[in-house]
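Visitor: I have a new model on my screen and would like a walk through it. Could you take me around?

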Amino acid sequence: MIDLKVLRNEPDLVRAAIRDKGANVDLDLVLELDRDYVALLREVEEVRAERNRVSSSISGKPDEATIATARALREQLASMEAELAEKKKAFFTAYKQVPNIPTHDTPVGHSEDENQVVRRWGERREFPFPAKNHYEIALHHDWIDKERAAKVAGSRFAYIKGDLVKLQFALISLVFDKMTDEGFIGSVVKEAGLDISTRPFLPILPPYMIRTDIYDAMDRLEPVEERYRIDGEDLWLQGSAEHVIGSMHAEEILEEADMPLRYLGYATSFRSEAGAAGKDLEGIIRLHQFDKIEMESFTSPETSHAEHLLLSAIQERLMQLLRIPYQKLQKCTFDIGKPNAKGSDIEAWLPGQQKYRETHTADYMTDYQARRLNTRVRRQDGTLEFVHTNDATAFACGRTMVAIIENFQNEDMTVDIPEVLQGYMGGRTRIG
């Protein structure tokens, strides 16, 4: 949620955020609900104070008039508190629909077509033969089996087999080696020109399930039609590792001296892909189940934007290590999402499709998630503030393998292994 002070004192700023994000929020109603709640809260506090005054004045055997007054105040207070609870619920239901305020450098746009290309990196390879898409090559080598997966689990599932499994674990090993190395983080910090900690990431294997209240507090339960709920349980399958890593410090106070906290989490994630009927039916671009390695960080407010820039720079460095051509997008207000203050994407060039496709996203949340999770930092002077959070993709394993297959394919349907991964593949230089 946004800061209540901002909601109450800067309504024009909030109204602009609602407009620029295309959010369906009636700000006038939110403000009215807030005023009604606060006004009744004052009345409740006054009645509560009067009840306490009457109670404290009673000594010995009270007279009938005092007893009657105390009883009336108690009954009045019970009724008012019930009404207050309803008004509080109505306000907070509306309040949490207000989106985060975009940063001043987030471009205003009303569709994803208005995202801005920041830069392109890498030479797109010119093939002396017609480039194939990843699925043609994978089928040829029996690396992907969707037919048997459909028999077992339904559409949009796949068995990943053989050398493609080894390639995925090579990617995982590369990322965990690099991201836990302070020297690597330091080199990215230096190249990006950032004045920020070089602390490495802590590897983590998170739970694959998340409670409803925590999922909602993360503001990642929506769109609910894309989530999988466990029947008969107050649990959902998480849709990305940051959902269960970003929430792990709920109701905690962190120490400023420990900042930044940086986690690198690997998880199998689940999305129903509602609304994706007919899209990307071939291959492993859009599945119900997929593996991702995610970065999540908790920082002080002063360093959080630099942290976002660091995570984005790490994404680019990882793609450069693989030698995969890509473009970086600065996402516009429409596309960054409700809880984001800013966001960027990396899109890999896929020669088999002759287009750039998203492989990475980086989300700058400020204190929007932390406010509902009640995750705070104790500053050195003893004061408490809400932490700021960032999350970003290190590698979406399936999509990264798609990019490797298509960019490093050969005419005979073999695939060259990127040099940086060869040591993780037993020194092999080619698969297929």
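What follows is a short conversation about this structure.

Visitor: Glad to be here! What share of the 432 residues in the protein chain is buried?

Guide: Welcome! Please keep in mind that this is a predicted model. The protein chain comes to 14 helices and 18 strands, and its C-alpha trace spans about 100 × 50 × 40 Å along the principal axes. Of the 432 residues, the buried share is 52%.

Visitor: How far apart do the C-alpha centres of domain 1 and domain 2 lie?

Guide: The chain is divided into domain 1, residues 26-97, and domain 2, residues 112-431. Between their C-alpha centres, the distance is 48 Å.

Visitor: Asp26 caught my eye. Is Asp26 buried, partly exposed or exposed?

Guide: Asp26 sits in the loop between α2 (11-21) and α3 (27-57). A polar atom of its side chain lies 3.2 Å from the backbone nitrogen of Asp28. Buried would need under 20% relative accessible area and exposed over 50%. Because its relative accessibility is 46%, Asp26 counts as partly exposed.

Visitor: And how far apart in space are Asp26 and Gln97, C-alpha to C-alpha?

Guide: In sequence, Asp26 and Gln97 are 71 residues apart. In space, their C-alpha to C-alpha distance is 9.4 Å.

Visitor: Let's go inside. Which residues touch the most other members of the largest nonpolar core?

Guide: That core holds 58 residues, and its largest share, nine residues, comes from helix α7 (residues 163-179). Apart from it lies another core of 18 residues, which includes Leu7 and Leu27. In the largest core, the residues touching the most other members are Ile293 and Ile314.

Visitor: Which residues does Ile314 contact, leaving aside neighbours within four places in sequence?

Guide: Ile314 belongs to the largest nonpolar core. With its sequence neighbours left aside, its contacts are Met179, Ile185, Val188, Phe201 and Met295.

Visitor: Ile185 is in helix α8, I think. Which elements do the buried residues of α8 pack against?

Guide: In α8 (residues 182-192), the buried residues are Phe184, Ile185, Gly186, Val188 and Val189. At the start of the helix, a side-chain oxygen of Asp181 comes within 2.9 Å of the backbone nitrogen of Gly183, and after the helix comes Gly193, with a positive phi near 70°. The buried residues pack against α7, β9 and α11 (304-322).

Visitor: Now the open sheet of eight strands. Which strands stand at its edges?

Guide: The strand order is β1-β11-β12-β13-β16-β10-β9-β4, with mixed pairing. An edge strand has a single partner strand, so one side of it is left without a neighbour in the sheet. The edge strands are β1 (116-121) and β4 (202-204).

Visitor: By how many degrees are neighbouring strands turned against each other on average?

Guide: Direction is ignored for this value. On average, neighbouring strands of this sheet are turned by 25°.

Visitor: Which helix packs on the sheet with its direction at about 40° to that of β16?

Guide: Helix α7 packs on the sheet, touching β4, β9 (261-270), β10 (289-299) and β16 (388-396), but its direction makes about 165° with that of β9. Another helix touches β9, β10, β12, β13 (355-366) and β16, and its direction makes about 40° with that of β16. That helix is α13, residues 397-407.

Visitor: How many bridges join β12 to β13?

Guide: On one side, β12 (residues 342-350) runs antiparallel to β11 (residues 326-330) with five bridges, and Tyr326 stands opposite Ala348 there. With β13, β12 forms a hairpin that has four residues between the strands, and Glu347 has Glu358 as its bridge partner in β13. The two strands run antiparallel, and their bridges number nine.

Visitor: How many of the nine residues of β12 are buried?

Guide: Lys342, Ser344, Ile346, Ala348 and Leu350 point one way, while Gly343, Asp345, Glu347 and Trp349 point the other way. Both groups are buried. Of the nine residues in β12, the buried ones number nine.

Visitor: One last stop: is His288 buried or exposed?

Guide: His288 is in the loop between β9 and β10, and a polar atom of its side chain lies 3.1 Å from the backbone oxygen of Ser272. Residues that His288 touches include Phe157, Tyr228 and Phe270. Because its relative accessibility is 10%, His288 counts as buried.

Conventions:
Residues numbered from 1 in each chain as written. Predicted model: local features only at pLDDT ≥ 70, side-chain atom pairs only at ≥ 80, totals over all residues. Heavy atoms only, no water. Core = buried A, V, L, I, M, F, W, Y, C linked by side-chain atoms within 4.5 Å. Buried < 20%, exposed > 50% of the residue type's maximum accessible area, 1.4 Å probe, protein only. Contact = heavy atoms within 4.5 Å. Pairing = 2+ DSSP bridges. Axes fitted to C-alpha atoms, helices over the stretch in contact; angles between N-to-C directions. Polar contact = N/O pair within 3.5 Å; in protein donor to acceptor, adjacent residues only side chain to side chain. Domains from an automatic or database assignment.
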